[in-house]
Amino acid sequence: MSRLFGRQSELSELDRLLDKARDGEGAVLVVRGEAGVGKTALLDNAVTRASDMRVAHIAGAESEMELAFAGLHQLCGSMLDRLDDLPAPQREALGVAFGLRDGSAPDPFLVGLAILTLLTDVARDKPLACVIDDAQWIDGASLLALTFAARRLQADAVAMVFGIRESTDDHLLAGLPELLVSGLADQDARALFAAAVPGRLDGRVRERIIAEADGNPLALMQLPKGLSPAQLAGGYAVAGTAPLVSRIERSFVTQVRALPVPTQTLLLIAAADSVGEPALVYRAADRLGIAIDAAAPAEAAGLVSIAGRTRFHHPLVRSAVYRAAAVAERRLVHRALADVMDPQADADRIAWHRAHAADRPDEQVADELERSAFRARARGGVAASAAFLAYAADLTPDPSARARRALDAAQDKLEAGTPGGALDLLATAEALPLEELQRARADLLRAQVAFAVHRGRDAPPLLLAAAKHLEGVDPQLSRETYLEALSAAIFAGRFAIGGDEGVRGVARAALSAPPVTGPPRALDLLLDGLAARFLDGYEAACPLLKRGLQEFRREDDEDRAPMRWYGLVGRVALDLWDFESHRTLAVRQVQLLRNVGSLTRLPLAIAFNAGELVNTARLADAEALLEEGDAITDTTGAPPPRYIEPLVTAYRGQERRTLDQVEVITRSASDRGEGRTISLMQYAAAVLHNGLGQHAAALAATQLGAEHDDLGVRNSNLREMIEAAARCGRTDLAEAAARELAAQAAVTRTPLGSGIAARSLALVSEGQAADDLYQEAIAHLERSGGVTEQARTHLLYGEWLRRANHIAEARRHLHRAHQIFTAMRADGFAERARRELLAAGEAVDEQAATASDTLTAQESAIARLARDGFTNSEIATQLFISARTVEWHLGKIFTKLNITSRRSLRIVLPDAAA
């Protein structure tokens, strides 16, 4: 092991990391620093110190950054003998990702979970150290899977170390424990320099090099090697104004150019090959007439090692060799590499090398790249697909085909969560002579990017223009785009250009959409129904919207439903009080988006699903899902859709936290032009205040929220308004809102709508009429599956019965409400029910902290899944952790709850939804 000067604290930190893994505890560390500062030396040292562990060690290669799962395959390729031991969904996902089997594009999070399971399974036999150097050059799909696994290491004998350059924008690694590696102290720098440059040296030269190196170890060792003896002796040409990294690269170039020409070519082949297989390098060299022994001078100079696996002394050697070569030389070695690769096993890499070897547009190469893009997309590598298509566009001779490929690449960039890259490719396409359909596609894509980035007022006009453009060239796509424009306007709400009138303006424009030819699709019915909804009113639109919703669900059952419409259809279901459709589509949308790895849309779908979990009294599950959504937006850099989180905290009764969230999200939504989100925030605030018995504040919030006719939100605000207004003596407001909801229920005829309408009318009724309506409401809501609304109705009915002096019956309903609210930990409503029980003459203790309250969020989720009969492996799959971690947590859970078996979980953790 070579000596590292001045790195004792860094070595100790890495030793602690390895010791944790040896003790069965997962650990992760990001080693960050500038190029040449010694990260690779530290990581190599850690590999040596982990000689008693199993080690998986890779380094990213700049040329493989956009080949999906290339890094992952390098790291885990030797572990694939355990692939059959993975749970079936994980086995399928990883097999498809690695191209070992056919299948639909895998969920990237399922690939990450498969990697976590694989690593922890390997570590059961022997602690595992995974060392990933130059993580800035690991392809995005691999880095997402690796960081996903790293964040979930707990009771797993796995250590993961990432080395990355300090200036890299690496949001995937953000938040992981870090070790910042800086330059050496002066004394250590001098000691290293003396060891690297022994013998006499002009003092002024030595001081100049030490000063300019500024403690960078690679600079201290390499800068002198780029100077002649005369320069070292007299100090000539030592000064330089280029950045340090460039100067270090230049010193490597100087050393390379001093080597024999065949050796230089061999080094260039190794630099262009990212696989690192010596046999491949030598085959390509042989094709160019270069003998194997040409490697010896480079190895003797310490620049590269080609024994077992090609490894450059430092990544800057690779980049220096590649960048210093003439373009013609690069093309020559790329062509040689492509010619000696296996066309069956390496089709995508062959296409990649041929693209770099091309010196002019070449349709054959472009076609190969497009086929590689198709394969990458099928494996879930949308970003890789975009990269292949972008290269294909560059090499396409026909302008029309080039524009098509650039547009396809832009679409994939958007799907991969990089709207900025999509705009760059869109500009490339728009600079070409586009056909009419391509121009319309470009308009549509630009509008979709605007909606993905801002989700507010900017998108509807762009989408309307695109829809108009498409009328004559693709009538069906034109209708879809009109629906997209209407959806964007609904989302913008009050912030649509013209406010509520602007939404109606978009609805009027949608009336000019091309007529339907043939049987209407779900989206045709929805377009007509939503236009009627905002122009003719709720009752007139209801039949069309119900038909559209029914048709969409039929298309969903047949796997024909267009993925991008699930969110809008979910909002229609909410507007129609169709809880069963809302629940089904919420789960289905998340499943489909995970399957194709669409990170742009998935967070919105997750928020949609979390809202459904609130309706079924599963607040803990909703919180876990929202955490997953946050992890995705951290990955993509998109603004997180946080509009369900305040509703969860509102039901929790967390006043300060909810109001702070409402304020922050309202301000952000105003900035981005998301009017519907503001109405959702008013609804969350009203739920909070009604739960805490602050009915005047709830009324104020609902009046603001109900000012605008936001699809699927106005009826929720009216629901809260009726309760608040009735309690505040504002019977005029309560009665008007109750009549509106009753009219909706009369045409929708759903259990949820009928139950809410009956409860609303009960709140503004008296005597036997009120009693009958409450009982009718409970009957409807029990059929709806909406546990949360059932509990709230039992509470309202119990309060009414107590005031009517029907004490025994009041206690029964109040007990039921208190039981559900306590189980779901809706603390505000639970306390309100407790106070009512006290007023009814029944002593009920305040909701005491139980053993289950000591569980962490993750422990709580594990305990509830175990209670419901899921195995450790199934729990691990759902919560994206390892089965070993589930087992470890269950031991802690049993201790905290003072139980010894899973069966006891049903006693100590009652299910509110049951």
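I began with the surroundings of helix α17 and noted that α12 (261-272), α16 (327-340), α18 (363-378) and α19 (382-394) are among the elements that cover its buried residues. The model I am reading is a predicted one. I then listed which residues of α17, a helix spanning 347-357, are buried, and found Asp-348, Ile-350, Ala-351, Trp-352, His-353, Ala-355 and Ala-357.

Next I looked at two of the covering helices, α18 and α19, whose axes lie 8 Å apart and which pack at an angle of about 170 degrees. Since angles over 145 degrees count as such, I entered α18 as roughly antiparallel to α19. On the α18 side I found Ala-366, Leu-369, Glu-370, Ser-372, Ala-373, Ala-376 and Arg-377 making the contact, and on the α19 side Val-382, Ala-384, Ser-385, Phe-388, Leu-389, Tyr-391 and Ala-392. Sorted by class, this contact of α18 with α19 comprises ten nonpolar, two polar and two charged residues.

I turned then to the sheet, which is open, has five strands in the order β2-β3-β4-β1-β5, and shows parallel pairing. I noted that β2 (54-59) and β5 (178-180) are the edge strands and have a single partner each, so that one side of each is left without a neighbour in the sheet. Ignoring direction, I read an average turn of 15 degrees between neighbouring strands of this sheet.

Last, I followed one pair within the sheet: β1 (residues 27-33) and β4 (residues 158-165) are joined in the parallel sense over seven bridges, and I recorded Leu-29 as standing opposite Val-161 in β4.

Note on methods. Residues are numbered from 1 along each chain as its sequence is written. This is a predicted model: local features need pLDDT of at least 70, side-chain atom pairs count only at pLDDT 80 or more; totals for chains, interfaces and linings use all residues. Side-chain values use heavy atoms; hydrogens and water are left out. Buried means under 20% relative accessible area, exposed over 50%, partly exposed in between (1.4 Å probe, protein chains only). Helices (H or I, at least four residues) and strands (E, at least two) are DSSP runs, numbered from the N terminus. Contact means heavy atoms within 4.5 Å. Two strands pair if DSSP finds at least two bridges between them. Axes are lines fitted to C-alpha atoms, for helices over the stretch in contact, and angles run from 0 to 180 degrees between N-to-C directions. Angles under 35 degrees count as roughly parallel, over 145 as roughly antiparallel, 65 to 115 as roughly perpendicular and the rest as oblique. Ala, Val, Leu, Ile, Met, Phe, Trp, Tyr, Cys and Pro count as nonpolar, Asp, Glu, Lys and Arg as charged, and the others, Gly among them, as polar.
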